[in-house]
Amino acid sequence: MNSRPVVLLLLLFPAARPSPDADVSMSPPSRSTMPQNAARLDAIARAQADSGFSGVVLVAKDTLILLEKAYSPRRGKRLTLSSQFNIGSMTKGFTAAAILRLRSQHRLAFSDPVSRYFPHAPERTRGITVFHLLTHTSGLRGHSAGAGTMRRDGAVTAILSLPLDYPPGTHYRYSDDDYQLLAAIIEVASGYTWEEFVRRELLAPARMASTGFQGGDWGHIGANGMRSTAGDIYRWVAAIHDARIFGLTESRELESPLMHVRSEPPFEIHYGYGTRVYVRNGRVAELVHSGSGDAGNNGVARVLADGTVVVVLSNSGQHRGTTWAAYVAQRLVPRK
């Protein structure tokens with residue numbers, strides 16, 4: 001497998017974009033300016049809420065928010081647009097973006113071996129690079145070996161002590177360990193904790209005031225461990241595309257595929273910067289951020305090539321073998 005980055009600089013949005021200063025947590029536009037299909041979207045979400053879904057839904061097209069609404073569970077705490085959810089592996093997108101930020105600051109390179117940051121790394125792991133970690137091609141056997149460890153050095157030792165199942169760069173296998181190591185690299189390269197660097201370099205510029213960190217051991221650092229709102233997740237995907245926290249070239253890179261994973265005709269599925277990238281006929285059709293957290297929390301943010309953004313954050317767990325967030329997001333805007 002070729003371990004060099006595959007970067008397709010393809011636009012995910014048309015020319016019209018969300019305004020950099022738009023407050024996407026505000027109430028939806030007035031009824032007089034709201035497209036007719038807003039009622040249809042609400043009806044779809046309400047039908048799922050009647051079947052057990054609870055969460056917050058946000059659907060936007062170009063500069064216009066079509067629907068932003070909370071659907072509370074029949075029993076339990078009432079949800080609002082300000083409700084935070086554990087976003088699970090959606091956190092990986094922030095970790096990957098932080099790595100790209102450090103590269104732009106010339107503090108690291110994708111080709112750097114892990115031994116540059118962890119000099120005592122076992123010899124068998126010294127072929128693992130930053131790019132291998134980004135693309136889940138490190139070859140490390142474990143999944144969240146840092147869980148239960150409070151100190152960074154202890155987590156790094158636990159992860160790098162794992163055997164290799166295949167030579168780095170030759171196979172793809174999704175693993176939290178890769179992104180926990182990336183978080184540790186961020187700390188060594190920046191001099192800040194992972195949380196501090198993400199907050200300073202990403203959350204603050206994107207005006208994500210309602211996004212924070214779960215805290216705890218290294219099982220909740222880098223690969224997951226963040227909490228957010230639907231409005232803030234929309235701010236994040238809009239800020240990337242609008243090139244407000246990265247240059248235009250880097251913003252397009254964050255929306256591009258890195259590693260081919262599988263075929264699902266008519267789509268080719270790639271792994272991107274902590275995301276899944278759906279490619280159809282050689283062009284990026286959709287970018288997907290997704291994750292599952294504790295207490296039944298799960299989330300999906302879909303960014304479609306026609307300018308549609310669908311964000312669903314849920315606390316209602318699984319439905320028919322998938323998360324409620326993914327299930328609802330597909331019914332709101334079916335993938336064709």
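This short presentation covers the sheets, one helix and the nonpolar cores of the structure shown above. Please keep in mind that the model is predicted.

Let me begin with the sheets. Eight strands make up an open sheet, and their order is β2-β1-β11-β10-β9-β8-β7-β6. The pairing in this sheet is antiparallel. At its edges stand β2, residues 64-71, and β6, residues 259-264, each of which pairs on one side only. Direction ignored, neighbouring strands here are turned by 15° against each other on average.

The β6 edge can be followed in some detail. Five bridges connect β6 with strand β7, residues 267-271, in the antiparallel sense. One may look for Ser263, whose bridge partner in β7 is Glu268. As general background, strands of a sheet pair through backbone hydrogen bonds, either parallel or antiparallel.

There is also an open sheet of three strands, in the order β3-β5-β4, with antiparallel pairing. Its edges are β3, residues 85-86, and β4, residues 212-213; each has a single partner strand, so one side of each is left without a neighbour in the sheet. Between β3 and β5, the latter spanning residues 226-228, there are two bridges. Asn86 has Arg227 of β5 as its bridge partner.

I now turn to the interior. In soluble globular proteins, nonpolar side chains tend to be buried together. In this model the largest nonpolar core holds 75 residues. The members that touch the most others are Phe94, Ile99, Phe118, Leu134, Val198, Trp236 and Val311. Which helix gives the most to this core? That is α5, residues 176-190, with eight residues.

Val311 deserves a closer look. Leaving aside residues up to four places away in sequence, Val311 touches Val56, Val57, Leu58, Ala230, Ile233, Tyr234, Val300 and Ala301. Apart from the largest core lies another core, of 25 residues, including Ile44, Tyr71, Leu332 and Val333.

Finally, let us return to α5. This helix has 15 residues and reaches 21 Å from its first C-alpha to its last, close to the 21 Å expected at 1.5 Å a residue. Is α5 largely enclosed or exposed? Of its 15 residues, 14 are buried, meaning under 20% relative accessible area, so α5 is largely enclosed by the rest of the structure. At the start of the helix, a side-chain oxygen of Ser175 comes to within 3.2 Å of the backbone nitrogen of Asp177. After α5 comes Gly191, with a positive phi near 85°.

Thank you for your attention.

Technical notes
Residues numbered from 1 in each chain as written. Predicted model: local features only at pLDDT ≥ 70, side-chain atom pairs only at ≥ 80, totals over all residues. Heavy atoms only, no water. Pairing = 2+ DSSP bridges. Helix = DSSP H or I, 4+ residues; strand = E, 2+ residues; numbered from the N terminus. Core = buried A, V, L, I, M, F, W, Y, C linked by side-chain atoms within 4.5 Å. Buried < 20%, exposed > 50% of the residue type's maximum accessible area, 1.4 Å probe, protein only. Contact = heavy atoms within 4.5 Å. Expected span 1.5 Å × (residues − 1). Polar contact = N/O pair within 3.5 Å; in protein donor to acceptor, adjacent residues only side chain to side chain. Axes fitted to C-alpha atoms, helices over the stretch in contact; angles between N-to-C directions.
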